Amino acid sequence: AVPTLTAENNVTEIVVGKTKATLQVGNIEQDATYTLYKDGEPTQNTGTSFVVSEGGTYKVVASNNNGCGTSESDEITITACTPISNVAWRITKGEKDVYCSDDVVQVTLNYNGDTATEHTWNLNGVTVSNEDDIASGTIYTMIINESGSVQLTLTGCDVAYPPISMQFTVSSETVAPTIGIS
């Protein structure tokens, strides 16, 4: 009989290092051995239930005990997402200790992991940007008008990374030009 392979509870998406999927063999024959294949290559795993922690295309191949005859299941794809880590940003244009009102600052965002599916920038607690799918290396331009903090929250693989923030000080002083006579 042709074996079947299904994902337990229909779980076909996993988060690397956090979740796993269980693949179950159906239509089992008593005298058969079931070998799990990943991406077309046999693994070292045999049985009728397999816990997988990597993305890939899986199937099982059944062979009877005397080695005469094999049959294989349909393939099932498990998608793996690598969570965001090592989030960092740096000012890449306009960095200084004290800012003037309406100064333009460019911030470059870098992180490891899959593309962040959501991100939110807050300036002094007010959301200034809330977008989907933000890649590492993206450059943001902000206009600084008041002292305070900018906070960034990223979400990837349905896991929120702890927010990171940066403080800005804006001078309210107006400097009068001086005229020199020589």
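# Worked exercises on a predicted model

A disulfide (a pair of cysteine sulfur atoms within 2.5 Å) joins C81 to C157, with the sulfurs 1.8 Å apart. Before we dig in: this is a predicted model, where local features need pLDDT of at least 70, side-chain atom pairs count only at pLDDT 80 or more, and totals for chains, interfaces and linings use all residues. Residues are numbered from 1 along each chain as its sequence is written, and side-chain values use heavy atoms, with hydrogens and water left out.

## Exercise 1: the disulfide

Work out which parts of the chain the C81 and C157 pair links, and whether these cysteines are buried or exposed.

Step 1. Count first: the structure holds one disulfide.

Step 2. Place the two ends. C81 sits in strand β9 (residues 76-81), while C157 is in the loop between β15 (148-156) and β16 (159-168). Strands here are DSSP runs of E with at least two residues, numbered from the N terminus. The two cysteines are 76 residues apart, so the link joins distant parts of the chain.

Step 3. Check the handedness: the angle about the S-S bond is -85°, and the link of C81 and C157 is left-handed.

Step 4. Check burial. C81 and C157 are both buried, where buried means under 20% relative accessible area, exposed over 50%, and partly exposed in between (1.4 Å probe, protein chains only). For contrast, take C100: its relative accessible area is 43%, so C100 counts as partly exposed.

## Exercise 2: the nonpolar cores

Find which residues touch the most other members of the largest nonpolar core, and which strand gives the most to this core.

Step 1. Get the term straight. A nonpolar core is a set of buried Ala, Val, Leu, Ile, Met, Phe, Trp, Tyr and Cys residues joined through side-chain atoms within 4.5 Å. As background, nonpolar side chains in soluble globular proteins tend to be buried together.

Step 2. Pick out the hubs. The largest core has 22 residues, and those touching the most other members are W89, L109, W121, L154 and F168.

Step 3. Map the core onto strands. At least two residues each come from β10 (85-93), β11 (103-112), β12 (116-123), β14 (139-144), β15 and β16. The top contributor is β11, with four residues.

Step 4. Zoom in on F168. Skipping neighbours within four places in sequence, F168 is in contact (heavy atoms within 4.5 Å) with I91, Y99, V105, M142, I144, S147, G148 and V150.

Step 5. Don't stop there: a second, separate core has 15 residues, including A21, V25, V60 and I78.

## Exercise 3: the aromatic pair

Decide how the rings of W89 and W121 are arranged.

Step 1. The structure holds one aromatic pair. Rings of Phe, Tyr and Trp (its six-membered ring) pair if their centres lie within 6.5 Å; planes under 30 degrees apart count as stacked, over 60 as edge-to-face and the rest as tilted.

Step 2. Apply that. The W89 and W121 ring centres are 4.9 Å apart and the planes are at 10°, so the pair is stacked.

Step 3. Locate the rings. W89 is in strand β10 and W121 in strand β12, so the pair ties together parts 32 residues apart in sequence.

Step 4. Look at accessibility. W89 has a relative accessible area of 14%, so W89 is buried. W121 comes out at 2%, so W121 is buried too.

## Exercise 4: two open sheets

Find which strands stand at the edges of the β10-β11-β14 sheet, then do the β1-β3-β6 sheet.

Step 1. Three strands, in the order β10-β11-β14, form an open sheet with antiparallel pairing. Two strands pair if DSSP finds at least two bridges between them.

Step 2. The edges are β10 and β14: each has a single partner strand, so one side of each lacks a neighbour in the sheet.

Step 3. Add the detail. β10 and β11 pair over six bridges in the antiparallel sense, and A88 stands opposite N110 in β11.

Step 4. Now the other open sheet: three strands in the order β1-β3-β6, again with antiparallel pairing. Here β1 (4-7) and β6 (49-52) are the edges, each with a single partner strand.

Step 5. Strand β3 (residues 21-26) and β6 pair over four antiparallel bridges, and L23 has F50 as its bridge partner in β6.
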